[in-house]
Amino acid sequence: MAELDKAQSLDEGIVVRDLRLAYGDTLVQQELSFYVPRASIFVIMGVSGCGKSTLLRHMIDLEQSDQGDIRFDGQRLWTRDAAERAALQRRIGVLFQSTALWSSMNIGENVGLPMQLHTRLSAAEIRDQVAFKLALVGLAGQEKRMPSELSGGMQKRAGLARAIALDPDYLFLDEPSAGLDPITSQRLDALIMNLRDALQLSVVAVTHELPSIFTIADDSIYLDNESRRAIAHGNPRDLVRHAEHARVRAFLNRSSVASEVAAGAS
Ligand SMILES: Nc1ncnc2c1ncn2[C@@H]1O[C@H](COP(=O)(O)OP(=O)(O)OP(=O)(O)O)[C@@H](O)[C@H]1O
């Protein structure tokens with residue numbers, strides 16, 4: 001694929017090449033190849049059980065495949081020694097669906113924890129960095145609040161502040177807007193796009209929320225449950241009208257939002 005060859009020569013962003021995902025003998029997906037440039041958002045789509053989370057878990061190095069290759073800025077994820085691999089992992093920020101905030105720590109401590117564990121910053125420098133990261137996600141001055149005191153949308157923002165605590169180059173989002181009302185979800189989408197631009201992040205998001213997909217995705221892939229392959233790749237606004245496979249069009253056409261997009265309203 002020409003796009004992938006260009007990506008490899010540029011040595012920037014994330015390149016996935018010929019990746020096979022399986023649990024034992026059970027094939028989940030095969031022949032996955034795509035490229036996520038810097039300062040862009042890539043959405044992984046597909047029906048429940050098609051392998052979206054499995055792909056995400058491989059990309060953040062929680063699982064490893066024996067076939068295929070993932071590169072971050074030209075560096076192979078799975079052939080590095082332990083120290084290099086750990087250094088690469090520190091350039092990856094993750095927002096899990098549950099947000100994974102520590103309930104016994106306040107928001108400031110949650111965001112500061114990765115800095116305490118992985119940097120030599122002083123307590124004062126960490127305080128400044130925490131304040132800066134919270135301001136970036138619209139939670140300025142909320143350091144002392146406990147996670148349980150925050151709304152769902154604010155918890156996601158706090159989770160994002162922690163995901164960017166170590167100034168990552170790559171940000172992974174697992175169902176970021178799940179469980180949020182439409183207005184809160186829209187605000188979170190706007191924040192994700194702001195972070196992409198302000199921090200020049202390569203963002204990879206798993207989501208099946210159509211309004212989010214159409215809003216945030218610069219590019220996407222559709223993982224097919226039946227053929228166990230990606231059967232569509234492109235901007236969802238193009239795919240909703242022009243995808244070759246009916247299953248992809250049906251997935252993207254299941255709501256009034258999609259009808260508006262298909263009709264050209266944006
Ligand atoms: N740890 C595991 N061991 C064995 N099989 C698994 C494991 N995790 C997931 N699977 C299976 O792999 C397939 C893909 O699961 P995965 O969770 O990646 O799908 P998904 O697209 O993220 O689904 P959802 O949208 O429901 O979260 C499913 O058939 C699932 O049952």
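**Ligand shell, nonpolar core and sheet**

In this predicted model, the ligand is surrounded by Tyr-23, Val-28, Gly-46, Ser-48, Gly-49, Cys-50, Gly-51, Lys-52, Ser-53 and Thr-54, a residue being near a molecule if its C-beta atom, placed from the backbone, lies within 6 Å of it. Residues are numbered from 1 along each chain as its sequence is written. Local features need pLDDT of at least 70 and side-chain atom pairs count only at pLDDT 80 or more, whereas totals for chains, interfaces and linings use all residues. The largest share of the shell, three residues, comes from helix α2 (residues 52-59), helices being DSSP runs of H or I with at least four residues and strands runs of E with at least two, numbered from the N terminus. By class, three residues of the shell are nonpolar, six polar and one charged; Ala, Val, Leu, Ile, Met, Phe, Trp, Tyr, Cys and Pro count as nonpolar, Asp, Glu, Lys and Arg as charged, and the others, Gly among them, as polar.

An open sheet of four strands, with antiparallel pairing, follows the order β2-β1-β4-β5, where two strands pair if DSSP finds at least two bridges between them. Its edge strands, each pairing on one side only, are β2 (26-36) and β5 (75-76). Strand β4 (residues 69-72) pairs with β5 in the antiparallel sense over two bridges, and Arg-71 stands opposite Arg-76 in β5.

Leaving aside its neighbours within four places in sequence, Leu-171 is in contact (C-beta atoms, placed from the backbone, within 7 Å) with Gly-93, Ala-163, Ile-164, Leu-195, Leu-201 and Val-203.

Key:
Two residues are in contact if their C-beta atoms, placed from the backbone, lie within 7 Å.
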